[in-house]
Amino acid sequence: MFTEAMAEARTVPELGLELSQRIGRLVPHEGYVLTGNDPVTGAGCFVCRKHGYCGETFRRTLIDDVRGQDLFPFSELIRGPSRVGVLGSGAPGEQASRRLHEVLIPQGFGSEMRVALVSGGVVWGTMALLRERGRRPFTSADTDAVQQLLPDVCTILRRFVTGLTTPRPLPGVRPPGVIVVGRDDRIKAASPTGRDWLRACVPDMELTTEDELALTTWNIAFFARRTAGSALSRIPTADGWIGLHAQRLVGGAPDDVVITVQPASAGLLLPAVAAWYGITRRELAVVEQALDGLSGKQIARRLDVSPHTVNDHFKAVYRKTGMSCREELIAALS
């Protein structure tokens, strides 16, 4: 089956490549861009591409997309009845598409298929498939085929994240990093560990220049500028989870954003872990009480359920997370 064949990816680039190859058997394409989203906040938590947009163009394209300034923005696909949209098919309105004429065509692409990876009411990520100029544009039959694959693709994405690491913070091997990002999304300043933390967020990529490092911050910075408070993303890595917290810098230049990077604490991590692992609201409540040091009987009284029900919730969490006992679960999250 499609999902069983996709269980081998161990890195984000491998995940993107395998997804592209499997989808490509039904819908051929030359390039792709895959992003994973924090399922609670919607901010990006990883990205990979092959023969896709270059970094700066990718950034500009998605910023325009969030603002709804072109055809088939992901925000529209997420809410709409269809999760898939095609640009470059010759449909009415494409003459005014900035993405088509200023991004796709100059980079050698003639058609783009956008896919919002939505399942169970949660946005797990996005994917863009690209065909080169001179190739047949994506058709309605291609759209239908990808639409049929969406549940499996979302399952694969979740399986990758939950298989990549256990639900634990990245060990505190270095002090938290602080990065200041300017309006142009370039890094203006950083603490001694700031750049090391950015590289830790994308361990499968070689980030040597400042522009490459900036690609890890622009998404969370953009989210911070759009909110009155702050933006948050939890990044899965093979060694544990990293927390990115961004907010506008008070007293700085307009649109300056300060980003803090550090191991994701248990309180920060739990909502995202619950979403990725399919932990229910009641199961999450039991885990939260356990982290506060309550015994099984105390949890039962606090939640007004039987001790047997509490034990059942713990067993379900162990099964979903791969843990074997309460002590292991608490130790991992703490």
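In this predicted model, the charged end of R226 sits over the ring of F223. It lies 5.8 Å from the ring's centre. R174 makes a similar kind of contact: its charged end sits over the ring of W197, 5.0 Å from the centre.

Rings also pair with rings. The structure holds 3 aromatic pairs. A pair of aromatic rings is described by the distance of the centres and the angle of the planes. Take W124 and W276. Their ring centres are 5.2 Å apart. Their planes meet at 45°, so this pair is tilted; an angle under 30 degrees would count as stacked, and one over 60 as edge-to-face. Now look at where the two residues come from. W124 belongs to strand β5 (residues 122-132). W276 belongs to helix α10 (residues 266-277). They are 152 residues apart, so the pair links distant parts of the chain. Are these two residues buried or exposed? W124 has a relative accessibility of 2% and counts as buried, because the cut-off for buried is under 20%. W276 also has 2% and counts as buried.

A second pair is formed by F314 and Y318. Here the centres lie 6.0 Å apart. The planes are at 20°, so the pair is stacked. Both residues sit in helix α13 (residues 307-321). They are 4 residues apart, which means that about one helical turn separates them. Both F314 and Y318 are buried.

Next, the nonpolar interior. In soluble globular proteins, nonpolar side chains tend to be buried together. The largest nonpolar core in this model has 82 residues. Which residues have the most contacts inside this core? They are L15, M113, I242 and V261. Helix α6 (residues 140-164) gives the largest share of the core, 10 residues. Another core lies apart from it. This one has 8 residues, among them V33, Y53, L100 and L130.

Finally, follow the strands. An open sheet is formed by 5 strands, with antiparallel pairing. Their order is β7-β6-β10-β9-β8. Which strands stand at the edges? They are β7 (187-190) and β8 (230-237). Each has a single partner strand, so one side of each is left without a neighbour in the sheet. On average, neighbouring strands of the sheet are turned by 20° against each other, direction ignored. Look at one edge in detail. Strand β6 (residues 177-181) runs antiparallel to β7, and 3 bridges join the two. Where does V180 find its bridge partner in β7? That partner is A189.

Conventions:
Residues numbered from 1 in each chain as written. Predicted model: local features only at pLDDT ≥ 70, side-chain atom pairs only at ≥ 80, totals over all residues. Heavy atoms only, no water. Pairing = 2+ DSSP bridges. Axes fitted to C-alpha atoms, helices over the stretch in contact; angles between N-to-C directions. Core = buried A, V, L, I, M, F, W, Y, C linked by side-chain atoms within 4.5 Å. Buried < 20%, exposed > 50% of the residue type's maximum accessible area, 1.4 Å probe, protein only. Phe/Tyr/Trp six-rings, centres within 6.5 Å; stacked < 30°, edge-to-face > 60°. Lys NZ or Arg CZ within 6 Å of the ring centre and 35° of its normal.
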